[in-house]
Amino acid sequence: MVFKWYGIRPPLAKRPFTALVVDPDIYYDVQYTPDPIPLWLRLAIANNEGLTLYFKAAPSQLPSGWSMDEQTLGSLADGGRGTFTVSLSRSKPSIPFPTLDEDLIIRISAYRDDAYTDLYGYIDIPLTAHGIDSDDPNWTVIKDADFDDGTTQGFEQHLEIESADRYSTSWGLTDGTYVSPPYSLEAHVETREYGYFHAWYGAKCSYDASAYSKAFVAFCARRTDHVHEVYVESDGMGYAFTLPNYDKWYRAVTPIKPVAGTLKIYAWFSLGRVSGGAFYLDDVKIIAV
Ligand SMILES: [Ca+2]
């Protein structure tokens, strides 16, 4: 499971110190994930309080089956902004169709000192976790792409360049890494001497979920170093995920618009000269109800 991040929360009552950006909804798939299921939540904090503050995350209210350690996040100077990752986990539940929805609250506290003893204030952040079983037979499967027949199964290249020079791309199947053997889909870039590549690069496909009220895409994704956020975009609705570590497969699931449209899954590449980067997809499933 990875986390996503899509907007600025409205002001919370009793906000003592900062603006926070956090996605109040967490989605996870019980397929492809270990037990317990690790989850990562991304926070963006802005400190406008006139002094350096040290931040800590802790559970405030967790339903049964959830666990989270207290985590120090580090400091922000006055006027500073930063993004932080908070980890938590859920013992693998059985999922009532279509989703298991649970409410939890995490507390972000700010301290005046790096020993975290002089409390300045805190914010409680309400979240809703949505567990999904992407293999539940009650779903209508709109698309199930494993790339293992040696074709891209309806996916095409998606590339939006912000700035780039002296680079080469390759896009297609690879047997170098996969979740289901023998292939995954790879978007690969190499830069040459004095080259650079700043772009969104990945895959897109058309889908039709217009006969349904809800749709989701579940997928496995992997990135190399110098490849950052992963984006899912469907007909104007977008989510950003961050894969905490590179060279490792993660499973993600997120809502998409129940329309006939285009689904794009791509990553942000930021490559300097004489370097390479890649983004991989495997076992992409669009489900609807
Ligand atoms: Ca595969």
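**Entry 1: F269 and the core**

I started at F269, which touches V189, F197, H198, A199, Y201, H226, V227 and G277, leaving aside residues up to four places away in sequence. I note here that the model is predicted. Next I looked up the largest nonpolar core, and it has 74 residues. F269 is among those with the most contacts inside this core, together with Y201, V217, F219, A221 and L281. Which strand gives the most to this core? I found that it is β13 (residues 184-208), with nine residues. Both domains take part: the core draws at least three residues from each of domain 1 (3-132) and domain 2 (140-288). I add a general remark: in soluble globular proteins, nonpolar side chains tend to be buried together.

**Entry 2: the partners of β13**

I then followed β13 through its pairings. With β12 (residues 156-174) I found 17 bridges, and the two strands run antiparallel. W171 is a good place to look, since it stands opposite A187 in β13.

β13 is also joined to β18 by twelve bridges, again in the antiparallel sense. I picked A203, which stands opposite I265 in β18.

How many bridges join β13 to β19? I read six, and these strands run antiparallel too. For E186 the bridge partner in β19 is Y280.

**Entry 3: V274**

I checked the link between two of those partners. V274 lies in the loop between β18 (260-271) and β19 (276-288). Its phi is positive, about 50°, although V274 is not a glycine. As a general matter, most residues other than glycine have a negative phi. Is V274 buried or exposed? I counted 12 C-beta neighbours inside 10 Å, so V274 counts as exposed.

**Entry 4: Y116**

I looked for another case of this kind and took Y116. Y116 is a residue other than glycine with a positive phi, near 55°. I placed Y116 in the loop between β9 and β10 (119-132). Y116 has 15 other C-beta atoms within 10 Å, so I put it down as partly exposed.

**Entry 5: the sheet with β9 and β10**

I went on to the strands on either side of that loop. β9 and β10 pair over 13 bridges in the antiparallel sense. One pair I marked is A110 with its bridge partner G121 in β10.

β9 also pairs with β5 (residues 53-61), in the antiparallel sense and over seven bridges. There I marked Q61, which stands opposite I105 in β9.

On β10 I turned to β3. β3 and β10 run parallel and are joined by five bridges. D29 stands opposite I132 in β10.

In what order do the five strands of this open sheet stand? I wrote down β3-β10-β9-β5-β7, with mixed pairing. β3 and β7 (71-76) stand at the edges, each with a single partner strand, so one side of each is left without a neighbour in the sheet. I also noted the turn between neighbouring strands of this sheet, which is 30° on average, direction ignored.

**Entry 6: cis peptide bonds**

I checked the peptide bonds next. In general, most peptide bonds are trans. The bond from D35 to P36 is cis, with omega near 5°. I located P36 in the loop between β3 (25-29) and β4 (37-47).

Another cis peptide bond joins F97 and P98, and its omega is about 0°. Where is P98? I found P98 in the loop between β8 (81-90) and β9 (99-111).

**Entry 7: the two domains**

Last, I turned to the domain assignment, which gives domain 1 (3-132) and domain 2 (140-288). Their C-alpha centres lie 26 Å apart. The contact takes 14 residues from domain 1 and 13 residues from domain 2.

I looked at the domain 1 side of the contact. β1 (3-4), β3 and β4 each supply at least two of its residues. The largest share comes from β3, with three residues. By class, I recorded nine nonpolar, two polar and three charged residues on the side of domain 1 that touches domain 2.

I close on β3. This strand stands at an edge of the five-strand sheet, and β3 also gives the largest share of the side of domain 1 that touches domain 2.

Notes: Residues are numbered from 1 along each chain as its sequence is written. This is a predicted model: local features need pLDDT of at least 70, side-chain atom pairs count only at pLDDT 80 or more; totals for chains, interfaces and linings use all residues. Helices (H or I, at least four residues) and strands (E, at least two) are DSSP runs, numbered from the N terminus. A residue is buried if 20 or more other C-beta atoms lie within 10 Å of its own, exposed if 12 or fewer, and partly exposed in between; C-beta atoms are placed from the backbone. Domain bounds come from an automatic or database domain assignment. Two residues are in contact if their C-beta atoms, placed from the backbone, lie within 7 Å. Ala, Val, Leu, Ile, Met, Phe, Trp, Tyr, Cys and Pro count as nonpolar, Asp, Glu, Lys and Arg as charged, and the others, Gly among them, as polar. Two strands pair if DSSP finds at least two bridges between them. Axes are lines fitted to C-alpha atoms, for helices over the stretch in contact, and angles run from 0 to 180 degrees between N-to-C directions. A nonpolar core is a set of buried Ala, Val, Leu, Ile, Met, Phe, Trp, Tyr and Cys residues joined through C-beta atoms within 7 Å.
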